[in-house]
Amino acid sequence: MPVLTVEWVEGRTPQQKAHLAEALTKAFVDIAKVQKEQVWIVFRDVKRSDWAMAGKLLRKTPRE
């Protein structure tokens, strides 16, 4: 049973998560040859202030 973990900056809509869940599940079914009921996906939404990239904390909003 594959378990996929998606960690990303918070702010995606439930519709975006549903679309991604469908696409990831389809890819595993097509490539790994597992049944769709075996694919589990966990979304971990992380605050921007809890992420750093290139040695610097991310800003609170993309426009700052």
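Phenylalanine 43 has 23% relative accessibility, so this residue counts as partly exposed. That is a handy place to start reading this model, which is predicted. From there we can look at the ring that phenylalanine 43 pairs with, the strands on either side, and a nonpolar patch on the surface.

**The aromatic pair**
- Searching the whole structure turns up one aromatic pair.
- It is a stacked pair, because the ring centres of tryptophan 8 and phenylalanine 43 are 5.6 Å apart and the ring planes meet at 20°, with stacking assigned to planes under 30 degrees apart.
- Since tryptophan 8 sits in strand β1 and phenylalanine 43 in strand β2 (residues 40-46), the pair ties together parts that are 35 residues apart in sequence.
- Tryptophan 8 has a relative accessibility of 13%, so this residue counts as buried.

**The strands and the helix**
- β1 and β2 run parallel and are joined by seven bridges.
- Opposite threonine 5 you will find valine 42, a residue of β2.
- Helix α1 (residues 14-32) joins β1 and β2 in making a β-α-β unit, and this unit is right-handed.
- As a general reminder, side chains in a regular strand alternate between the two faces of the sheet.

**The nonpolar surface patch**
- Met1, Val3, Trp40 and Val42 make a nonpolar patch of about 440 Å² on the surface.
- One of these residues, methionine 1, is placed in the segment before β1 (3-9).
- Methionine 1 counts as exposed because its relative accessibility is 68%, and the cut-off for exposed is over 50%.

Conventions
Residues numbered from 1 in each chain as written. Predicted model: local features only at pLDDT ≥ 70, side-chain atom pairs only at ≥ 80, totals over all residues. Heavy atoms only, no water. Patch = residues over 30% accessible without salt bridge, like charges linked within 9 Å, V, L, I, M, F, W, Y side chains within 5 Å. Areas by Shrake-Rupley, 256 points an atom, 1.4 Å probe, with all protein chains shown as cover. Salt bridge = Lys/Arg side-chain N within 4 Å of Asp/Glu carboxyl O. Helix = DSSP H or I, 4+ residues; strand = E, 2+ residues; numbered from the N terminus. Buried < 20%, exposed > 50% of the residue type's maximum accessible area, 1.4 Å probe, protein only. Phe/Tyr/Trp six-rings, centres within 6.5 Å; stacked < 30°, edge-to-face > 60°. Pairing = 2+ DSSP bridges. Right-handed = clockwise from strand over helix to strand, strands pointing away.
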